[in-house]
Amino acid sequence: MTVTVAIKALNEEAHIAAALESALAEVAPLGGHVVLGDSGSRDRTIPTAKAYPRVTIVQLADPSQRCCGAGAQLAFQGALAATSTDDYIYLLDGDMVLQPGMLAAGIAFLQDHPQHAAVAGQVIEANTQSIEFEARARNDKAKRRALVEEVDRLDCGGLYRLNALRDLGYFADRNLHAFEEFDLGARLTAKGWKLARIDVPGVRHHGHAMGGLPLVWKRITSGYAGGTGEVVRAAIEQGRLPEMLRGFSHLRHAVMVVGWWTFLLISLLAGWWWLLLAALVLPVAFLGARRRSLRHGLYSVTTWNMHAIGLLQGLGRKRVPPRQPLDMVVLQDGAP
């Protein structure tokens, strides 16, 4: 059984060496491969990666096409170009460190569970200074209830059966600025596959160092927030809207916020000042109590507004057929 670790990266000079070294260490006893799919880095990501001759490096030919979905699809295409005989592929971000034993544990799980298309371990958040990743770390800790948890997506990457992915026609939707893991999980489960997260260390994730509100603003201005609408539009085109409505909480939050905006506008125009004030305060108070932190409640309201903006942004964006391959350039052939 052979495995490829496909790493997607953009300007990850601070972490790419650790990501590559962890991947090379994991594939060494399995006879696997490591491929880096770069979306047009302008820092020292590529020079750093070229110091590892066993790593195959491919780069997006047209940097204007880069987004989260394109980055994952590029890494997948690079992996298939490097070797088409491997049984498994692990998708890793350039700011992550693959934890020792994850590949062996994942392969053993998939061999014992033929109905599962993919598996991931636990995500260890290294950067908890940012409220975004502090909240993720708290949520991950709260969810760890069982040795095996059935999930609808593998956020932060995971180990996939290549035969399951080939049946889909493409790995990640190249149009998506976010939620490409959710879209992939939905397409796999529609084919009858299952996904799981097991209670072993999977990856150590560094994440963004910027504060919560600047990160939200960056996601709105960079187009990342539009992933909310893009993934909904993809589901509509592929006849998966009912599943989307059941499983995609960000869509429910976005629709609720649009309704909230409407009520605020009506209250303002009608001069219902007490209702307006109550409508502004109550969501923060409710989510603050639910999160047991006023700070986290305010951040939740902010991110829900971001997803509402993104819903409107993404629904109107043009789409390229997701099966259409991305043009890429091979910068280093890591074949032994």
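**A walk through the predicted model**

Begin by selecting V200, which is partly exposed because its relative accessible area is 25%; here buried means under 20%, exposed over 50%, and partly exposed in between, with a 1.4 Å probe and protein chains only. The model is predicted, so local features are taken where pLDDT is at least 70 and side-chain atom pairs only at pLDDT 80 or more, while totals for chains, interfaces and linings use all residues. Residues are numbered from 1 along each chain as its sequence is written, and side-chain values use heavy atoms, with hydrogens and water left out.

**Strand β9 and the loop after β5**

V200 belongs to strand β9, residues 194-205, where strands (E, at least two residues) and helices (H or I, at least four residues) are DSSP runs numbered from the N terminus. If you show the surroundings of V200 and set aside residues up to four places away in sequence, you will find that V200 touches M102, A105, G121 and Q122; a contact means heavy atoms within 4.5 Å. Add V123 to the selection, and you will see two residues that are 77 residues apart in sequence, yet 9.2 Å apart in space from C-alpha to C-alpha.

Now select Q99, in the loop between β5 (96-98) and α4 (102-112). Is Q99 buried or exposed? Q99 counts as buried because its relative accessibility is 16%. Apart from residues up to four places away in sequence, Q99 touches E26, I124, P201, G202, V203 and R204.

**The nonpolar cores**

Next, colour V5, I7, L36, Y90, L92 and L159, which touch the most other members of the largest nonpolar core, a group of 34 residues. Such a core is a set of buried Ala, Val, Leu, Ile, Met, Phe, Trp, Tyr and Cys residues joined through side-chain atoms within 4.5 Å. Helix α1 (residues 16-27) gives the largest share of this core, with six residues. A second, separate core has 24 residues, among them A75, A118, L168 and L188.

Centre the view on L159, and again leave aside its neighbours within four places in sequence. The contacts of L159 then include V3, Y88, I89 and Y90, as well as L103, G106, I107 and L110, and also A117, A118 and V119.

**Helix α7 and the cavity**

Move to helix α7, residues 180-190, which is mostly covered, since nine of its eleven residues are buried. The buried ones are E180, E181, F182, D183, L184, G185, A186, R187 and L188. In the loop between α6 (162-166) and α7, select F179, which is buried because its relative accessibility is 13%. Although F179 is a residue other than glycine, its phi is positive, near 65 degrees. Just after α7, G192 also has a positive phi, of about 95 degrees.

How many cavities of 30 Å³ or more are there? The count comes to one, where a cavity is a set of points on a 1 Å grid in which a 1.4 Å probe fits but cannot get out, and lining residues have an atom within 4 Å of a point. The largest cavity holds about 40 Å³ of space, and its lining consists of A72, L91, Y160, F171, A172, E180, E181 and L184. Helix α7 provides the largest share of this lining, three residues. By class, the lining has six nonpolar, no polar and two charged residues.

**Helix α11**

Select S267 in helix α11, residues 249-270. S267 is buried because its relative accessible area is 0%. Not counting residues up to four places away in sequence, S267 touches W272, L275 and L276. For a long view, add A81, which is 186 residues from S267 in sequence and 58 Å from S267 in space, C-alpha to C-alpha.

Within α11 you can also pick out H253, which is buried because its relative accessible area is 18%. The side chains of H253 and W304 are joined by a polar contact of 3.3 Å, a term for a pair of N or O atoms within 3.5 Å, one able to donate a hydrogen and the other to accept it.

**Last stop: N11**

Finish at N11, in the loop between β1 (3-9) and α1. N11 counts as partly exposed because its relative accessibility is 38%, and its phi is positive, about 55 degrees, although N11 is not a glycine.

Technical notes. On a 1 Å grid over the protein atoms alone, a cavity is a set of points where a 1.4 Å probe fits but cannot get out, and a pocket is an open set with protein on both sides within 12 Å along at least five of seven lines; lining residues have an atom within 4 Å of a point. Grid points are joined across faces, edges and corners, and a volume is the space filled by probe spheres set on the points. Ala, Val, Leu, Ile, Met, Phe, Trp, Tyr, Cys and Pro count as nonpolar, Asp, Glu, Lys and Arg as charged, and the others, Gly among them, as polar.
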